[in-house]
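Notebook open, structure loading. I want to look up some strand pairing, then a lysine and a surface patch.

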Amino acid sequence: MDHFEYRNGEMYAENVSISAIADDVGTPFYCYSTATLVRHYKVFTDALAGLPALVCYSVKANSNIAVIRTLAEQGAGVDVVSSGELTRALRAGVAPDRIVFSGVGKTGGEISHALKSGILQINVESEPELAMVNLVAGELNCIAPVAIRVNPDIDALTHDKISTGRKENKFGIEWTRVHEVVTEARELANVDITGLAMHIGSQLTDLEPFRDAFQRLRDVVAILSADGLIIQRLDLGGGLGIPYDGGIAPSPEDYGRLVREYFADLECELLFEPGRLIAGNAGILVTKVIYVKEGASRKFVIVDAAMNDLMRPALYGATHQIVPATEPSGDAALTDADVVGPVCETGDTFATGLALPPLNAGDYLIIRTAGAYGAVMASAYNSRALVPEVMVSGDAFQIIRHRMDIDAFLELEQIPDWLGGNAGEPKEAT
Ligand code: LLP
């Protein structure tokens with residue numbers, strides 16, 4: 001459930017009309033609902049009630065510092081995967097001891113940043129990384145809290161590009177080798193093995209892969225415990241899918257039941273890293289129709305948002321529901337059209353053959369379920385400015401990221417001396 005709904009024929013985010021925000025801020029823009037973010041966080045934590053759980057929101061889904069602060073205020077920790085995300089989390093006010101650092105290629109500099117910040121744990125994904133953590137911790141004269149990420153070799157049955165738990169994927173340490181690696185790690189002077197971590201993929205619409213992976217993790221825990229390792233924490237990752245455009249998704253309650261079935265009897269803290277489940281339906285992308293074009297064989301609704309603003313359809317063939325900001329009347333005649341952006345690629349298509357009511361240039365459209373992996377994955381391709389992000393809370397809304405200023409962006413670029421230098425100063429026409 002989310003807090004974007006039609007009221008008196010207009011789409012609202014909580015108590016604010018989307019068209020009113022669009023008139024004020026200009027399109028395209030992302031809009032997030034505070035009540036929805038909080039609700040999703042609560043639904044997830046409620047599903048884990050009674051368990052010693054710490055929910056570490058996966059910042060990569062939506063890393064705006066206002067979003068992070070909103071969730072941190074609810075008690076969330078965070079999962080970060082770069083120095084940049086760590087900086088954001090700290091800036092948003094997340095306590096360091098509620099931050100876990102995941103990712104397959106942390107640099108020495110990033111490890112140093114994490115250790116100096118005093119974060120809860122680093123999830124290590126390879127032996128060379130383990131050696132690097134030990135080295136950096138030695139230089140800093142500290143003991144690094146480390147969990148070993150297990151690759152359970154389970155197919156998450158999701159999109160190939162976001163499946164992370166099979167042995168051919170780059171993530172984690174093969175489950176059959178974890179005992180050996182932990183045994184080596186326990187000899188390291190500057191590393192404390194706190195437990196294990198796992199994340200098998202994103203947008204899982206079936207709980208069975210979680211079940212299989214949990215079983216593997218349990219097996220590894222049993223082996224390590226028998227060898228005297230005290231497991232302080234198990235990080236079960238994220239991945240719970242959400243419904244896109246009417247699709248199906250497992251309920252957090254069923255997920256919670258599964259977690260209990262496998263881990264309730266262990267005396268360790270359980271960490272979770274949901275991203276999409278928290279942020280996905282809490283955000284929309286608002287765009288404006290520029291032209292309605294009758295092509296040779298299809299009708300195109302050309303909008304001012306594009307694949308650079310929301311990459312998911314182009315990258316994964318993802319389907320996001322698209323609706324007009326003004327509710328169509330019940331008897332409006334629907335015609336099939338493709339909703340496309342202005343970028344010079346045919347892949348810049350948000351929907352194909354979508355049944356739409358009559359639309360005119362200037363009408364606002366809403367692309368739903370865009371709160372996760374939307375703004376964070378945007379680029380300035382075609383030199384299109386990154387779009388603003390707006391947050392709504394009750395009757396109030398505020399810009400939480402301004403539209404990129406193309407002039408300021410260009411100031412990062414420079415014409416080299418041998419071409420005359422002076423970036424930004426246009427050459428006089430001759
Ligand atoms: N933990 C780790 C270690 C991860 O790699 C991820 C996501 C998460 C947690 C959060 O997963 P979630 O709960 O959001 O499924 N850009 C893609 C999704 C990439 C997910 C990457 N890792 C998309 O738009 O579908």
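How many residues lie between β14 and β15 in their hairpin? I count 4 residues between them. Before going on, I note that this is a predicted model, where local features need pLDDT of at least 70, side-chain atom pairs count only at pLDDT 80 or more, and totals for chains, interfaces and linings use all residues. Numbering runs from 1 along each chain as its sequence is written, and side-chain values use heavy atoms, without hydrogens and water.

Entry one, β14. I looked up the partners of β14 (residues 283-294); strands are DSSP runs of E, at least two residues, numbered from the N terminus. β14 runs antiparallel to β15, with 5 bridges joining them; strands pair if DSSP finds at least two bridges between them. Val292 has Val301 of β15 as its bridge partner. β14 also pairs with β4 (residues 29-33), antiparallel over 4 bridges, and Tyr30 bridges to Leu285 there. With β19 (residues 364-367) I find 4 bridges, again antiparallel, and Thr287 is matched with Leu365.

Entry two, Lys299. I find Lys299 in β15 (residues 299-303). Lys299 is buried (under 20% relative accessible area, 1.4 Å probe, protein chains only). Lys299 has no salt bridge (Lys or Arg side-chain nitrogen within 4 Å of an Asp or Glu carboxyl oxygen). The nearest side chain of opposite charge, Glu294, is 4.3 Å away.

Entry three, Trp418. I find Trp418 in the segment after α12 (406-410). Trp418 is exposed (over 50%), at 74% relative accessible area.

Notes
Lys and Arg count as positive and Asp and Glu as negative; His and the chain ends are not counted.
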